Amino acid sequence: QVQLVESGGGLARAGGSLRVSCAVSGRTVSNYVMGWFRLAPGKEREFVAAISVSGSRTYVADSVKGRFTISRDNAKNTVHLQMNSLKPEDTAVYFCAAAVFPLSSNVVIITERQYEFWGQGTQVTVSS
């Protein structure tokens, strides 16, 4: 059974930084494309960032481009989302997600339905 557990959320001021992390257990993270999504009050869950199995390719949403960075440490079975220059509109519950792909693939996934496993989410709140 694969489990994803997010951590590192919390409260930050506008312009500040936070890093959220996702620990993968049950199987090695090096078999997964990983992604981050967020759900804000009154809105649908939206894509934030994704990273390929090897980490050589990343993709971030336009709304966070230049501010958020996704990375992974396959040796530690973790994925991180570094969030800088935070804005109040970044306030949301952040979820990590995983999809099984061969280690040799270089794909990133931006659609929810292609992800097989999801964490429970971690709250990020940005005050103005």
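## The β7–β8 hairpin

Strands β7 and β8 make a hairpin, with four residues between them. One residue in that turn, N77, has a positive phi of about 55°. (Strands here are DSSP runs of E with at least two residues, helices are runs of H or I with at least four, and both are numbered from the N terminus.) This is a predicted model, so to speak: local features need pLDDT of at least 70, side-chain atom pairs count only at pLDDT 80 or more, and totals for chains, interfaces and linings use all residues. Residues are numbered from 1 along each chain as its sequence is written, and side-chain values use heavy atoms, with hydrogens and water left out.

β7 covers residues 68-73, and it pairs with β8 in the antiparallel sense over six bridges. (Two strands pair if DSSP finds at least two bridges between them.) Within this pairing, R72 stands opposite V79 of β8.

## β8 and its other neighbour

What does β8 pair up with besides the hairpin? Strand β3 runs antiparallel to β8, and six bridges join the two. V79 turns up again here, as the β8 bridge partner of C22.

Is β8 (residues 78-83) enclosed or open? Five of its six residues are buried, so the rest of the structure largely encloses this strand. (Buried means under 20% relative accessible area, exposed means over 50%, and partly exposed is in between, using a 1.4 Å probe and protein chains only.)

## The disulfide

Now follow C22 to its sulfur partner. A disulfide joins C22 to C96, with 2.0 Å from S to S. The rule for a disulfide is a pair of cysteine sulfur atoms within 2.5 Å, and by that rule the count is one. C22 sits in strand β3 (residues 18-25) and C96 in strand β9 (residues 92-100), so the bond ties together parts that are 74 residues apart in sequence.

The torsion about the S-S bond is about 50°, so this disulfide is right-handed. Both C22 and C96 are buried.

## Salt bridges around R38

Side chains of opposite charge can pair when their charged atoms come close. A salt bridge here means a side-chain nitrogen of Lys or Arg within 4 Å of a carboxyl oxygen of Asp or Glu, and five are counted.

R38 has a salt bridge to E46, where the closest N and O atoms are 2.5 Å apart. It's a pairing of a buried R38, at 6% relative accessible area, with a partly exposed E46, at 34%. R38 also forms a salt bridge with D90, the closest N and O atoms being 2.9 Å apart. That second pair links distant parts of the chain: D90 is in the loop between β8 and β9, while R38 is in strand β4 (residues 32-39), 52 residues away. D90 and R38 are both buried. Add R67, and you have a salt-bridge network of R38, E46, R67 and D90.

## E112 and its contacts

Which residues does E112 touch, leaving aside its neighbours within four places in sequence? They are F37, R45 and W118, where contact means heavy atoms within 4.5 Å. With R45, the side chain of E112 meets in a salt bridge (3.0 Å, N to O). R45 lies in the loop between β4 and β5 (46-51) and E112 in the loop between β9 and β10, so this pair ties together parts 67 residues apart in sequence.

R45 is partly exposed at 28% relative accessibility, and E112 is partly exposed too, at 29%.
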